[in-house]
Amino acid sequence: MTDPLWFKDAVFYELHVKAFHDGNGDGIGDFRGLIEKLDYLEWLGVTCLWLLPFFPSPLRDDGYDVANYVSIAPDYGSLEDFREFLDEAHKRGMRVIVDLVLNHTSDQHPWFQEARSSPQSAKRDYYVWSDTDKRYQKARIIFIDTEKSNWTWDPVAQAYYWHRFFSHQPDLNYDNPVLQQAMLDIMSFWLDQGLDGFRCDAVPYLFEREGTICENLPETHAYLKKIRKRIDEAYQGRILLAEANQWPADVRPYFGEGDEFHMAFHFPLMPRLFLGVRSEDWHPIVDMFTHTPPIPDNCQWCLFLRNHDELTLEMCAGEERDYMYYAYARDPLMRRNIGIARRLAPLLDNDRRKIELLNSLVFTLPGSPIIYYGDEIGMGDNVHLGDRNGVRTPMQWSADRNGGFSKTDPSKLYLPAISDSVYGFNVTNVESQRQAPHSLLHWMRQMIARRKQQPAFGRGALTFLRPKNDRVLAHIREHGGNLLLLVHNLAGSAQSVDLDLGPFEGRVPVELLGGSRFPVISKRPYVLSLAPYGFYWFNLEQKPGDDLSYGMEGSVL
Ligand code: BGC
């Protein structure tokens, strides 16, 4: 039997079927196209794919406005195509999770159409209705760019309906046990196809209660535990990953006692990684772990740098938020909602050293890393596209027409491919990077492979060393007697650091990428020099190895 805790060692890869590869030449990515690229993903070494919503949808929120939960949007293929894709991914040792949009549907969903048609309709109670827009006033508005209220008047229903996101996304009413069951059945439908789990969208908002902020309510946790129970009873080895953009203390309950979510994104850490490198200071990063409570043994954090949304600053307040905007989005065109809609490479000025440094941090801090499609080759963005579309452009496979994404007329693409002179598909693409042994793509592949060789990355305990030089972040990961020492220079200048490695006296740091042995650790401070944005991954080996000389030198003739 496979290890039910597989997700602790996994390297995730997030992609949109629409954006990955177009198999039928209509300008929109599809499952047939994705199947053709599975060999690439296997070569890269990622072990679990997270697919963004691919269900029928009017696409007013890129598929998070679901109009049918148990079907595939025709543009992306058929259920048969999906099954074939899943089989092919499994054959290559990759698992697949998809988005489960629990909180709301599209207003085009037949449930909503029926619900609004009459107060007597069987589906009326699937949604949250009111005669007034004054209920639940303490709930914040999430999409402040576009929404003025969480209530919208529906002239057909002659009532207000509740929505935490866009007004075309009415919230489902989880006080209704029939709806609760309907969502469990939808989950079973996909799990029965062989799916490995769900990234559960927007989970803090399932229930509403007067006088509260309508987030993280006990009723919400009780329902989520029911979902988990169904998984444990009938679908062992499948996982639930929570999207709860909250402070760690509020995310902690989503793990329950190991009986709610298997995984949750660490949202507040993400901007602190960018802050740490920009301010050349380890404190924002280390402080975030001080605020992160321990989680049950059978649970795991998910660490990420970028995803399909804006780089959210909801978990940064005051000066930190201002600094992030100042440092990473001086041009207002780059801002969306409370955040920055940019990809990794442009955020980091396409500085390969910083890109590697930040990737190294998400690969070595506690949790499983997620790579957003295209970031492994340093794809760019297009801030002129509306909403968050600037980071959702076609994957760049080659310098061919449309970056090898589609054979169609470029004007028919679902979004224009990036074509500028730095990040455009002519220069930034998979094919050219596969041919260049020192490309970012090869580097990412190598780091993924190294990470997979060291279970301590996914499962080890964490200790920060807190050196006096606050430009150097140093941490230890320890698992089953294995000790890893990770040292990152967050600064754009060379640094020297003294580390107190006294407890590891007698061990020898062996650099993991090149295999070089460093001086043995003694009681004295361990001095390391690091290049600008440089970092080391060391294995602290138990005892000094054998004499490293080889050949005839030193032998008795
Ligand atoms: C998704 C967003 C989406 C929102 C509403 C999220 O948290 O990541 O892309 O717009 O949910 O469904």
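**Figure 1. Strands β15 and β16 pair side by side in this predicted model.** In β16, Leu483 is the bridge partner of Glu478. This bridge belongs to the pairing between strand β15, residues 472-479, and strand β16, residues 482-489. The two strands run in the antiparallel sense and are joined over eight bridges.

**Figure 2. Five strands form an open sheet with antiparallel pairing.** The order across the sheet is β14-β15-β16-β20-β18. The edge strands are β14 (461-464) and β18 (508-511), each of which pairs on one side only. From one strand to the next, the twist averages 30 degrees.

**Figure 3. The largest pocket has about 490 Å³ of space.** Its lining is made up of 24 residues, and those closest to the centre are Ile295, Pro366, Gly460, Ala461 and Leu462. Four elements give two or more residues to this lining: α10 (283-290), β10 (300-304), α16 (455-459) and β14. Of these, β14 gives the most, with four residues. This β14 is also an edge strand of the sheet in Figure 2. By class, the lining of the largest pocket has 12 nonpolar, seven polar and five charged residues.

**Figure 4. The second largest pocket has a volume of about 230 Å³, and Leu59 is one of the residues nearest its centre.** The lining holds 17 residues. Lys18, Leu59, Asp62, Tyr76 and Tyr414 are the ones that lie nearest the centre of this pocket. The lining divides into eight nonpolar, two polar and seven charged residues. Leu59 sits in the loop between β2 (48-51) and α4 (79-91). Is Leu59 buried, exposed or partly exposed? Leu59 counts as partly exposed because its relative accessibility is 39%, and a residue is buried under 20% and exposed over 50%.

**Figure 5. Leu59 and Asp349 are two loop residues with a positive phi.** Most residues other than glycine have a negative phi. For Leu59, phi is near 60 degrees, a positive value. For Asp349, phi is near 55 degrees, which is also positive. Asp349 is placed in the loop between α12 (344-347) and α13. With a relative accessible area of 55%, Asp349 is exposed.

**Figure 6. Strand β7 is mostly covered and pairs with a strand on each of two sequence stretches, β3 and β8.** β7 spans residues 197-201, and five of its five residues are buried. Which residues of β7 point one way, and which the other? Gly197, Arg199 and Asp201 point one way, while Phe198 and Cys200 point the other way, and all are buried. Strand β3 (residues 95-101) pairs with β7 in the parallel sense over four bridges. Within that pairing, Cys200 of β7 is the bridge partner of Leu100.

**Figure 7. β7, α7 and β8 make a β-α-β unit.** The unit is right-handed, and its helix, α7, covers residues 218-234. Strand β8, residues 239-242, pairs with β7 in the parallel sense over four bridges. The bridge partner of Phe198 in β8 is Leu240.

**Figure 8. The largest cavity has a volume of about 300 Å³.** It is lined by 23 residues, and the closest to its centre are Phe143, Phe165, Glu243, Asp309 and Arg388. The lining of the largest cavity has nine nonpolar, six polar and eight charged residues. A search of the whole structure finds two cavities of 30 Å³ or more. Rolling a probe the size of a water molecule over the atoms shows where empty space is left.

**Figure 9. The second largest cavity holds about 60 Å³ of space.** Its lining is formed by Leu305, Arg306, Leu344, Asn359, Val362, Ile370, Ile371, Tyr372 and Asp375. What does each of α13 (352-364) and β13 (368-372) supply to this lining? Each supplies at least two residues, and β13 gives the most, with three. By class, the lining of the second largest cavity divides into six nonpolar, one polar and two charged residues.

How values were computed:
Residues numbered from 1 in each chain as written. Predicted model: local features only at pLDDT ≥ 70, side-chain atom pairs only at ≥ 80, totals over all residues. Heavy atoms only, no water. Buried < 20%, exposed > 50% of the residue type's maximum accessible area, 1.4 Å probe, protein only. Pairing = 2+ DSSP bridges. Right-handed = clockwise from strand over helix to strand, strands pointing away. 1 Å grid on protein atoms, 1.4 Å probe; cavity = no way out; pocket = protein on both sides within 12 Å on 5 of 7 lines; lining within 4 Å. Points joined across faces, edges and corners; volume = space filled by probe spheres on them. Nonpolar A, V, L, I, M, F, W, Y, C, P; charged D, E, K, R; others polar. Axes fitted to C-alpha atoms, helices over the stretch in contact; angles between N-to-C directions.
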